[in-house]
Amino acid sequence: MATETLFHQTRPGFVKPVKKVHYSEGEVCVTGGDDIHLITNEQADADLITLHLYSPPLQMGFYELDDGFDHS
(Lines give C-alpha, C1' and ligand atoms only; values in the text may rest on other atoms or scores of the structure.)
Protein backbone atom coordinates (compact mmCIF):
# COMPACT_ATOMS: atom_id res chain seq x y z
CA MET A 1 0.00 0.00 0.00
CA ALA A 2 1.32 3.42 -0.97
CA THR A 3 0.73 6.42 1.26
CA GLU A 4 0.56 9.93 -0.19
CA THR A 5 1.09 12.81 2.23
CA LEU A 6 -0.15 16.16 0.95
CA PHE A 7 1.46 19.37 2.22
CA HIS A 8 0.51 23.04 2.43
CA GLN A 9 3.28 25.62 2.02
CA THR A 10 3.27 27.84 5.12
CA ARG A 11 6.06 30.18 4.07
CA PRO A 12 8.79 30.03 1.40
CA GLY A 13 10.66 26.72 1.75
CA PHE A 14 8.48 25.34 4.58
CA VAL A 15 5.49 22.99 4.57
CA LYS A 16 3.05 21.32 6.97
CA PRO A 17 1.31 17.99 6.30
CA VAL A 18 -2.45 18.39 5.85
CA LYS A 19 -3.73 15.02 4.61
CA LYS A 20 -2.77 11.38 4.10
CA VAL A 21 -4.27 9.15 1.42
CA HIS A 22 -3.68 5.39 1.20
CA TYR A 23 -3.62 3.63 -2.19
CA SER A 24 -4.05 -0.10 -2.65
CA GLU A 25 -2.46 -2.17 -5.40
CA GLY A 26 -3.66 -1.06 -8.83
CA GLU A 27 -5.09 2.29 -7.76
CA VAL A 28 -4.22 5.45 -9.67
CA CYS A 29 -3.46 8.87 -8.22
CA VAL A 30 -3.70 11.96 -10.40
CA THR A 31 -2.60 15.39 -9.21
CA GLY A 32 -2.20 18.70 -10.95
CA GLY A 33 -0.88 22.17 -10.52
CA ASP A 34 1.55 22.96 -7.75
CA ASP A 35 0.75 20.06 -5.42
CA ILE A 36 3.42 19.29 -2.84
CA HIS A 37 3.30 15.62 -1.89
CA LEU A 38 5.35 12.67 -0.69
CA ILE A 39 4.78 9.02 -1.63
CA THR A 40 5.95 6.48 0.98
CA ASN A 41 5.73 2.81 1.88
CA GLU A 42 4.62 2.59 5.51
CA GLN A 43 4.56 -1.22 5.47
CA ALA A 44 7.86 -2.55 6.80
CA ASP A 45 7.11 -6.10 5.62
CA ALA A 46 6.08 -5.35 2.01
CA ASP A 47 7.83 -4.03 -1.09
CA LEU A 48 6.36 -1.10 -3.01
CA ILE A 49 6.85 -0.18 -6.65
CA THR A 50 5.28 2.98 -8.07
CA LEU A 51 5.29 4.56 -11.52
CA HIS A 52 5.37 8.37 -11.77
CA LEU A 53 4.57 10.17 -15.04
CA TYR A 54 4.91 13.94 -15.30
CA SER A 55 3.74 16.18 -18.14
CA PRO A 56 5.00 18.80 -18.47
CA PRO A 57 8.35 17.76 -16.94
CA LEU A 58 8.60 17.87 -13.15
CA GLN A 59 9.84 21.07 -11.49
CA MET A 60 11.09 19.72 -8.17
CA GLY A 61 11.41 21.84 -5.05
CA PHE A 62 12.96 21.15 -1.67
CA TYR A 63 11.15 21.92 1.57
CA GLU A 64 11.54 21.64 5.33
CA LEU A 65 8.77 20.77 7.76
CA ASP A 66 7.46 23.87 9.48
CA ASP A 67 7.52 23.46 13.26
CA GLY A 68 5.69 26.77 13.81
CA PHE A 69 8.66 28.62 15.32
CA ASP A 70 10.33 31.66 13.77
CA HIS A 71 14.00 30.69 13.44
CA SER A 72 15.19 34.03 11.98
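A salt bridge is a side-chain nitrogen of Lys or Arg within 4 Å of a carboxyl oxygen of Asp or Glu. In the structure described here, which is a predicted model, the side chains of R11 and D66 meet in such a salt bridge, with a nitrogen-to-oxygen distance of 3.2 Å. The two partners belong to distant parts of the chain, since R11 lies in strand β1 whereas D66 lies in the segment after β4, 55 residues apart. Their surroundings can also be described by accessibility: R11 is partly exposed, with a relative accessible area of 28%, while D66, at 13%, counts as buried.

A search of the whole structure finds 2 salt bridges. Besides the pair just described, the side chains of E42 and K20 meet in a salt bridge, with 2.9 Å between nitrogen and oxygen. Because E42 lies in the loop between β3 and β4 and K20 lies in strand β2, this pair ties together parts that are 22 residues apart in sequence. E42 is partly exposed, with a relative accessible area of 45%, and K20 likewise counts as partly exposed, at 48%.

The strands named above are arranged in an open sheet of 4 strands, in the order β3-β1-β2-β4, and the pairing is mixed. β3 and β4 stand at the edges, where each has a single partner strand, so one side of each is left without a neighbour in the sheet. Strand β2, which covers residues 14–23, runs parallel to β4 and is joined to β4 by 2 bridges. Within this pairing, F14 stands opposite E64 in β4.

Two residues at the start of strand β1 may be considered in turn. A2 is found in strand β1 and is buried, with a relative accessible area of 11%; the value falls under the 20% that marks the limit for buried residues. When residues up to four places away in sequence are not counted, A2 touches V21, H22, Y23, I39, T40 and L48. The C-alpha atoms of A2 and L48 are separated by 7.1 Å, although these two residues are 46 residues apart along the chain.

T3 also lies in strand β1, which spans residues 2–11, and at 2% relative accessibility T3 counts as buried. If the neighbours within four places in sequence are left aside, T3 is in contact with K20, V21, H22, L38, I39, T40 and E42. Among these contacts is H22, whose side chain makes a polar contact of 3.0 Å with the side chain of T3. The list of residues that T3 contacts also includes K20 and E42, the two residues whose side chains meet in the salt bridge of 2.9 Å.

The loop between β3 and β4 contains further features. P56 is placed in this loop, and the peptide bond that leads from S55 to P56 is cis, with omega near 0°. In general, most peptide bonds are trans. F62 lies in the loop between β3 (36–41) and β4 (64–65) and, unlike the buried residues described above, is exposed, with a relative accessible area of 72%. Together with Y54, L58 and M60, F62 makes a nonpolar surface patch of about 500 Å².

Note on methods:
Residues numbered from 1 in each chain as written. Predicted model: local features only at pLDDT ≥ 70, side-chain atom pairs only at ≥ 80, totals over all residues. Heavy atoms only, no water. Buried < 20%, exposed > 50% of the residue type's maximum accessible area, 1.4 Å probe, protein only. Polar contact = N/O pair within 3.5 Å; in protein donor to acceptor, adjacent residues only side chain to side chain. Contact = heavy atoms within 4.5 Å. Patch = residues over 30% accessible without salt bridge, like charges linked within 9 Å, V, L, I, M, F, W, Y side chains within 5 Å. Areas by Shrake-Rupley, 256 points an atom, 1.4 Å probe, with all protein chains shown as cover. Pairing = 2+ DSSP bridges.
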